[in-house]
Amino acid sequence: MSRVFNFSAGPAVLPEPVLQQAAAEMLDWHGSGMSVMEMSHRGKEFIEIHAQAEADLRELMDMPKNYKVLFLQGGASAQFAVVPMNLLRGKTKADYTNTGEWSKKAIVEAKKYCQVHVAASSEDAAFSHVPKQAQWRLDPDAAYVHITSNETIGGVEFHWVPDTGNVPLVADMSSHILSRPMDVSRYGLIYGGAQKNIGPAGVTIVIVRDDLLGQALPVTPTVFNYKTQAENDSMSNTPATYGIYVAGLVFQWLKKLGGLSKMEQINRAKAGFLYDYLDQTEFYHSPVAKDDRSLMNIPFTLRSADLDKAFLKETEAAGLTQLKGHRSVGGMRASIYNAMPIEGVQALVQCMREFERRHG
Ligand SMILES: *Cc1c(COP(=O)(O)O)cnc(C)c1O
């Protein structure tokens, strides 16, 4: 067996011990005589798996009791619509920050349901930074303020939590949830698709403060009504059972590792290793402002785009895959989520050095 170092932005690398455990339990989960995929979501085995996953997530994130955890489907993209449906609560306006491609998508979708006010934008600076809060123009009548706290494509991350007063803060954390401790109490709602930093595609996690529930627009589909799903342990309809199981294994892996503070240390070491190299060479370039660089998604360019093809060929041959940048920005992107070992980042930097030596 030979596994590559997979730098995909998502679906992405998973911890090897998790994959091994899932394989070992594939045919017979804990003496049940069946795979988790074959279980009724209402049976006692799956109810136990689901409850354990939720309890572990609450513990990892040190989540206050007045927050509900939902395991939904439809991806973060569905949440772009589901958030306004549930959180407008009789209001007609919402504030959005525009810090990259995923912000833009969230804004386009929200406009179908409410008046979107862009409170801050870095679009005229090619999305290279997060606008400082002093430059934001918040609307006190907004139902909520939406941020994309880690822009997966641009590699721009909020390393601070905006102050939105009494207006609930909503964050799309798809690509950095569980990468470090987050103060859940500062947010009204957090959501994220699982396939970046948590598990397989198909599960979307929503963490919502309970006082925000119960005022969904009447047209809201039942499966996307937060209150209904909260009252039914996310089982108003069949949930993504196998994905929830694997996410639960990842939560246990994180707990065994030492929790999110430990994970942050490791992630800072990994990202620091690559950024240090990017900053000391003229051959490669990081387009993102230093204070706002993502620990998870690291875009970079080569001195000339003419070298991109050769670079991708050489890294691929060295077992380093999926480094091509998003089509909307070009260049390269190394996604180094929780499950990417430091050895993967070291192998990448070594390959980059050798490439520079021959082409620089
Ligand atoms: C990947 C991603 C999405 C979209 O996720 P889907 O599961 O494809 O809907 C949304 N926001 C961010 C920040 C992402 O990284």
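**Exercise 1.** Which helix gives the largest share of the shell around the ligand, and how many residues come from it?

*Solution.* The model is a predicted one, in which local features need pLDDT of at least 70 and side-chain atom pairs count only at pLDDT 80 or more, while totals for chains, interfaces and linings use all residues. Residues are numbered from 1 along each chain as its sequence is written, and side-chain values use heavy atoms, with hydrogens and water left out. Begin with the shell itself: 13 residues surround the ligand, each having a heavy atom within 4 Å of the ligand. The closest are Ser77, Thr152, Asp172, Gln195 and Lys196. Sorted by class, the shell holds 3 nonpolar, 8 polar (Gly among them in this scheme) and 2 charged (Asp, Glu, Lys or Arg) residues. The largest share, 4 residues, comes from helix H3, residues 75-87, where a helix is a DSSP run (H or I) of at least four residues, numbered from the N terminus.

**Exercise 2.** Describe the polar contacts (pairs of N or O atoms within 3.5 Å) that oxygen atoms of the ligand make with Ala76, Ser77 and Lys196.

*Solution.* For Ala76, a backbone N or O atom lies 3.3 Å from a ligand oxygen. Ser77 places a polar side-chain atom 2.6 Å from an oxygen atom of the ligand, and for Lys196 the corresponding side-chain distance is 2.5 Å. As to cover, the protein covers 86% of the 380 Å² of accessible area (Shrake-Rupley method, 1.4 Å probe) that the ligand has on its own.

Key
Polar contact = N/O pair within 3.5 Å; in protein donor to acceptor, adjacent residues only side chain to side chain. Helix = DSSP H or I, 4+ residues; strand = E, 2+ residues; numbered from the N terminus.
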